[in-house]
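Visitor: I am new to reading protein models. Could you walk me through this one and explain the words you use?

Guide: Gladly, let's look at it together.

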Amino acid sequence: MPPGQRPAMKVTLILNGNSLRGKSDGLPQTLRSICENRGHRVRLGVSRSLPHFREMMRRAIAGRPDVILVGGGDGTFHHAINVPGAETVPMAPLPIGTINAFQRAAGLTALKPPDALRALLGGAIVEGWCGILADKRFACFASLGFDARAIHRNPLWLKDMMRAGSFLVTGTRLLASSVRDSCPGTLSFDRRDLRFPAASVLISKIQNYAGFSCFGASFEKPRLEAVFTATDSAKTLMQMASYLGARGPVYGDPVPNGLVHVRRFREARWRSPCPTLVQLDGEAILFEDTCRLKIGLDPRRQRYLVPAD
């Protein structure tokens, strides 16, 4: 067997049809051929909608393949790991989306889908952890307040046109606006006496965010990490962005005024007198009650297929 090649597997490829827009028309067949040329048995499907994607995932999980490869971005992978039974099958995202943060955190430097697939097929299956907010799992990050507001207010047409740059445009527009449609609250961590006022909250399960390596969290470690602001004023939010973008994961640095950095926790609780906005893995998420939220680690371990070291 050639070096870096796994034994023959049952591989299911599920591609987000929306993410394929603008890509090569022959990409699905290219991905199938890569798997078949390595001796793997392949089932491939392209979703037409989110309900169709979830149904394809349910059928794939029931078929118990050796691995499910999900073609899309972080949001697509978010929906995949939230299908019942997702923790029973090793999974990996293929980078066909906007940010592809999880793939970068997993060490996947080849972000063209065919190259990424080859790297994954020669990789290893590892056990990891997902975060969970209320009843939704997240593989990468969660946020409340301003960051979530930028996700909720980012127009789909702008995202399709500018991809990652669309969030910068929308965020800048929101900073210039006096409208505040999220509500400040309180975050308490693990112990009830560790409590802080919080307006904009960013919680990470991986090292990188928005293209920057700014956290010490890892999908392989049972912990979460958070940076949040006491207010959502433009000055404080710009300070938060500068802090995350400039420092990298270097601990011991003083935290600027108005920011709190909790570097290691397993559970937190959000309390607010009125609803706020929430995003998970780059997806705008709606809950019936966002005044009282529990954030923690999902006890169900998730198996991931990652590139070899």
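Guide: Let's start with two helices: α2 passes α3 in a right-handed crossing. Please keep in mind that this is a predicted model.

Visitor: What makes the crossing of α2 and α3 right-handed?

Guide: A crossing is right-handed if the near helix is turned clockwise from the far one by less than a right angle. The crossing of α2 past α3 is right-handed in that sense.

Visitor: How do the axes of α2 and α3 lie, and at what angle do they cross?

Guide: The axes of helix α2 (residues 50-62) and helix α3 (residues 74-81) come within 9 Å and cross at roughly 50°. Angles under 35 degrees count as roughly parallel, and 65 to 115 as roughly perpendicular. An angle of roughly 50° fits neither, so α2 is oblique to α3.

Visitor: Which residues make the contact between α2 and α3?

Guide: From α2 come Leu50, Phe53, Arg54 and Met57, and from α3 come Thr76, His79 and Ala80.

Visitor: Why are α1 and α5 called roughly parallel?

Guide: Helix α1 (residues 27-37) and helix α5 (residues 113-121) pack at an angle of about 25°, with their axes 10 Å apart. The cut-off for roughly parallel is under 35 degrees, and therefore α1 and α5 earn that description. α1 also passes α5 in a right-handed crossing.

Visitor: Which residues of α1 and α5 make that contact?

Guide: On the α1 side they are Leu27, Thr30, Leu31, Ile34 and Cys35. On the α5 side they are Pro113, Pro114, Leu117, Arg118 and Leu121.

Visitor: How do you know whether Cys35 is buried or exposed?

Guide: Buried means under 20% relative accessible area. Cys35 has 0% relative accessibility, so Cys35 counts as buried.

Visitor: What makes Cys183 and Cys274 a disulfide?

Guide: A disulfide needs cysteine sulfur atoms within 2.5 Å. The sulfur atoms of Cys183 and Cys274 are 2.1 Å apart, and they form a disulfide. A search of the whole structure finds one disulfide. The pair links distant parts of the chain, 91 residues apart. Cys183 sits in the loop between α8 (165-176) and β9 (185-189), and Cys274 in the loop between β16 (267-271) and β17 (278-280).

Visitor: Why is the disulfide of Cys183 and Cys274 called right-handed?

Guide: The torsion about its S-S bond is about 100°, so the disulfide is right-handed.

Visitor: Are Cys183 and Cys274 buried or exposed, or something in between?

Guide: With a relative accessible area of 8%, Cys183 falls under the 20% cut-off, so Cys183 is buried. Cys274 has a relative accessible area of 30%, so Cys274 is partly exposed.

Visitor: Why is Cys291 in no disulfide?

Guide: The nearest cysteine sulfur, that of Cys274, is 6.4 Å away from Cys291. A disulfide calls for sulfur atoms within 2.5 Å, so Cys291 is in none. Cys291 is buried, with a relative accessible area of 16%.

Visitor: What makes helix α6 mostly covered?

Guide: In helix α6 (residues 146-153), seven of its eight residues are buried. They are Phe146, Asp147, Ala148, Arg149, Ala150, Ile151 and His152.

Visitor: Why does Ile14 count as buried?

Guide: Ile14 has 2% relative accessibility, and the cut-off is under 20%, so Ile14 counts as buried. Ile14 is found in strand β1 (residues 10-16). Leaving aside neighbours within four places in sequence, Ile14 is in contact with residues including Gly45, Phe53, Met56 and Gly71. The C-alpha atoms of Ile14 and Gly71 are separated by 6.0 Å, although the two are 57 residues apart along the chain.

Visitor: Why does Arg64 count as exposed, and where does Arg64 lie?

Guide: Exposed means over 50%. Arg64 is at 53% relative accessibility, so Arg64 counts as exposed. The place of Arg64 is in the loop between α2 and β3 (67-72). Its phi is near 50°, a positive value in a residue other than glycine.

Visitor: What does the protein come to as a whole?

Guide: Its secondary structure comes to nine helices and 20 strands. Buried residues make up 52% of the 309 residues.

How values were computed
Residues numbered from 1 in each chain as written. Predicted model: local features only at pLDDT ≥ 70, side-chain atom pairs only at ≥ 80, totals over all residues. Heavy atoms only, no water. Helix = DSSP H or I, 4+ residues; strand = E, 2+ residues; numbered from the N terminus. Buried < 20%, exposed > 50% of the residue type's maximum accessible area, 1.4 Å probe, protein only. Contact = heavy atoms within 4.5 Å. Axes fitted to C-alpha atoms, helices over the stretch in contact; angles between N-to-C directions. Parallel < 35°, antiparallel > 145°, perpendicular 65-115°, else oblique.
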